[in-house]
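Me: Please give a close account of one strand in this structure, covering its cover, its pairing partners and its place in the overall fold.

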Amino acid sequence: MARRWRDGRGELVVRPEDGEAAVSVPLEIAASYRSRTRGLLGRDGVDGAILLSPANSVHTFRMRFPIDVAYLDRGLRVVAVRTMRPGRLGLPRPRSRHVLEAEAGAMEEWGLRVGERVAVLV
């Protein structure tokens with residue numbers, strides 16, 4: 001089942017598999033080419049997270065702060081999690097269909113790790 005979102009707002013739900021409580025995070029959805037290209041550029045921070053869909057790689061050129069990046073497969077399972085400083089180019093992840101971005105350190109606080117599945121509520 002292919003997921004097609006529209007630009008807008010939603011909620012990201014992280015349910016860690018180790019029994020920790022679920023975490024709900026405000027989510028901005030960037031599904032159009034223009035909003036994906038803009039992403040977090042020119043911002044001083046992000047409230048919650050931003051979902052880029054479809055996407056399988058990101059860069060942090062002209063960004064003002066370091067970010068956490070989670071690559072998600074088509075089932076919204078986390079394939080990889082990386083922290084990127086400004087001015088970096090992330091490697092494309094072949095199995096990735098969506099990219100989740102947040103301020104550095106946020107994903108660790110949420111308990112988001114490789115293999116976890118997330119939910120997007122719009």
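Reply: The account below begins with the basis of the model and then turns to the strand β6 and its surroundings.

The model is predicted: local features need pLDDT of at least 70 and side-chain atom pairs count only at pLDDT 80 or more, while totals for chains, interfaces and linings use all residues. Residues are numbered from 1 along each chain as its sequence is written, and side-chain values use heavy atoms, with hydrogens and water left out.

Strand β6 comprises residues 98-103; helices (H or I, at least four residues) and strands (E, at least two) are DSSP runs, numbered from the N terminus. Of the 6 residues in β6, 5 are buried, where buried means under 20% relative accessible area, exposed over 50% and partly exposed in between, with a 1.4 Å probe and protein chains only. For the protein as a whole, 45% of the 122 residues count as buried.

Strand β6 pairs with β3 and with β4; two strands pair if DSSP finds at least two bridges between them. With β3 (residues 49-52), β6 runs antiparallel and is joined by 4 bridges; here A49 faces A102 of β6. With β4 (residues 67-72), the pairing is also antiparallel and extends over 6 bridges, and L100 of β6 stands opposite A70.

The pairing can be followed beyond β3. Strand β3 is joined to β2 by 4 bridges, and these two strands run parallel; A30 has L52 in β3 as its bridge partner. Strand β2 (residues 23-30) in turn pairs with β1 (residues 8-14) in the antiparallel sense, over 7 bridges, and V25 in β2 is the bridge partner of L12.

One side-chain arrangement concerns Y71: R93 lies over the face of its ring, at 5.1 Å from the ring centre. A charge sits over a ring if NZ of Lys or CZ of Arg is within 6 Å of the ring centre and within 35 degrees of the ring normal.

These strands belong to a protein with 2 helices and 7 strands, whose elements run β-β-α-β-β-β-β-α-β from the N terminus on. Among contacts between residues at least 6 apart in sequence, 58% join residues at least 24 apart, contact meaning heavy atoms within 4.5 Å. The C-alpha trace spans about 40 × 30 × 25 Å along its principal axes. The radius of gyration is 13 Å, which agrees with the value near 14 Å for a compact globule of 122 residues; the radius is taken over C-alpha atoms, and the globule rule is 2.2 Å times the number of residues to the power 0.38.
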